[in-house]
Each structure stands twice: as structure tokens, then as C-alpha cells.
Amino acid sequence: MAKTRILFVDDEPNVLDGLRRMLRRHREEWEMIFVSSGAEALAHLAEAPCDVIVTDMKMPGMIGIELLEKVVKQYPGMARIVLSGQIDEAYTTRLVKLVHQFLSKPTDADAIQAAVAKAC
């Protein structure tokens, strides 16, 4: 059985490192990729599609909602999860149409696992 491929996007290295450690127990079932920007995420997806994207919202360069809009157009079958500490109210309406799940930071491995399972 193929592993579920999950792309995690966050501009904070400490957040990515924390996710990597926290989700280590899922290595047998998930192939996890960790990138630090929307541009890096799109470059990775162009080379190797993923089943799920988990992204932060507030990032320099390309904010999460811009990344998700591109993902919806280019990879409509990909499950989309936001993992963020805050959402700008101006984006709420657009965001509702783009994501399957929203998780607030901080969160735990069980919540992420449940969100991924539900989204898939």
C-alpha cells in the first residue's frame, strides 16, 4: 500500500522541526515533506504530487491563501488543511471555499492525524 504523501508548509523552521518530531510515529504510513515557503511548495508539487497539503497562513512572499488558491487550480484533488495561529478576517470567506480543515496552532499529533484521515 502506498504511503499518503503530505506536504507541510511553514516559514518558521522551529514549527517544521516540531512537526517533524511530533509526527515521527507516522513515518510508516505517511511520506512527509517539509518546506518553508509557498514557492518551494509549488516547486515540489510540480515534481511530485502529494495527497495532502498542510499550510500556515501568514508567510512572507506568498501567504497561505494564495498558495491554496494555486493548489486548488493545479491540484484540485489534493486535500487542503490550514494549520495556523491566526487568520486575517478579510480572508475568511475566501478560505472557507479552499480548505477541508482548519487547525489552530499549537496542536498535537492526534489532531493532525485525525484531520489528515478525515481529509483523505
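1. Let's start with Arg-21, which you will find in helix H1, the helix that covers residues 13-22. Is Arg-21 buried or exposed? Its relative accessible area is 53%, and the cut-off for exposed is over 50%, so Arg-21 counts as exposed. Keep in mind as you look around that this is a predicted model. Now find Ala-109: Arg-21 and Ala-109 are 88 residues apart in sequence, yet their C-alpha atoms are 9.6 Å apart in space.

2. Now step back and take in the whole chain. How many helices and strands are there in the protein? There are five of each. Following the sequence from start to end, you meet them in the pattern β-α-β-α-β-α-β-α-β-α. Try tracing that pattern with your finger on the picture before reading on.

3. A few overall values help to set the scene. The C-alpha atoms fit a box of roughly 40 × 30 × 25 Å along the principal axes. For 120 residues, a compact globule would have a radius of gyration near 14 Å, and the protein has 13 Å, so the value agrees with that expectation. Buried residues account for 42% of the 120 residues. The protein exposes about 6600 Å², with 50% of that supplied by carbon and sulfur atoms. As for contacts between residues at least 6 apart in sequence, 68% of them join residues at least 24 apart.

4. My next point is about rings. The structure holds one aromatic pair. It is formed by Phe-8 and Phe-34, whose rings are stacked, with 5.1 Å from centre to centre and 10° between the planes. Why does this pair tie together parts that are 26 residues apart in sequence? Phe-8 belongs to strand E1 (residues 4-9) and Phe-34 to strand E2 (residues 30-35), so the pair links those two places in the chain.

5. Stay with these two rings a little longer. Phe-8 has 0% relative accessibility and therefore counts as buried. Phe-34 is buried as well, with a relative accessible area of 16%. Phe-34 also has a charged companion: the charged end of Arg-20 sits over its ring, 4.4 Å from the ring centre.

6. Strand E1 also holds Arg-5. You might like to guess here: is Arg-5 buried or exposed? At 15% relative accessibility, Arg-5 counts as buried, because the cut-off for buried is under 20%. Which side chain does the side chain of Arg-5 meet in a polar contact? The partner is Glu-31, at 2.6 Å. Leaving aside neighbours within four places in sequence, Arg-5 is in contact with several residues, including Ile-33, His-44, Pro-49 and Val-52.

7. Another charged residue to look at is Asp-56, located in the loop between strand E3 (52-55) and helix H3 (64-74). Asp-56 has a relative accessible area of 6%, so it is buried. Its side chain joins that of Ser-84 through a polar contact of 3.1 Å. Beyond its neighbours within four places in sequence, the residues in contact with Asp-56 include Val-9, Asp-10, Asp-11 and Lys-105.

8. Lys-105 deserves a look of its own. The peptide bond from Lys-105 to Pro-106 is cis, with omega near -10°. Where is Pro-106? Look in the loop between strand E5 (101-104) and helix H5 (109-119).

9. Two further loop residues make a nice pair of exercises. Val-99 is in the loop between helix H4 (92-96) and E5, and its relative accessible area of 18% makes it buried. Not counting residues up to four places away in sequence, Val-99 touches Leu-68, Arg-80 and Val-82. The C-alpha atoms of Val-99 and Val-9 are separated by 14 Å, with their positions 90 residues apart along the chain.

10. The other exercise is Glu-28, in the loop between H1 and E2. Glu-28 has a relative accessible area of 70%, so it is exposed. Glu-28 and Thr-4 are 24 residues apart along the chain, and their C-alpha atoms are separated by 9.6 Å.

Notes: Residues numbered from 1 in each chain as written. Predicted model: local features only at pLDDT ≥ 70, side-chain atom pairs only at ≥ 80, totals over all residues. Heavy atoms only, no water. Phe/Tyr/Trp six-rings, centres within 6.5 Å; stacked < 30°, edge-to-face > 60°. Helix = DSSP H or I, 4+ residues; strand = E, 2+ residues; numbered from the N terminus. Buried < 20%, exposed > 50% of the residue type's maximum accessible area, 1.4 Å probe, protein only. Lys NZ or Arg CZ within 6 Å of the ring centre and 35° of its normal. Polar contact = N/O pair within 3.5 Å; in protein donor to acceptor, adjacent residues only side chain to side chain. Contact = heavy atoms within 4.5 Å. Rg over C-alpha atoms; globule rule 2.2 N^0.38 Å. Areas by Shrake-Rupley, 256 points an atom, 1.4 Å probe, with all protein chains shown as cover.
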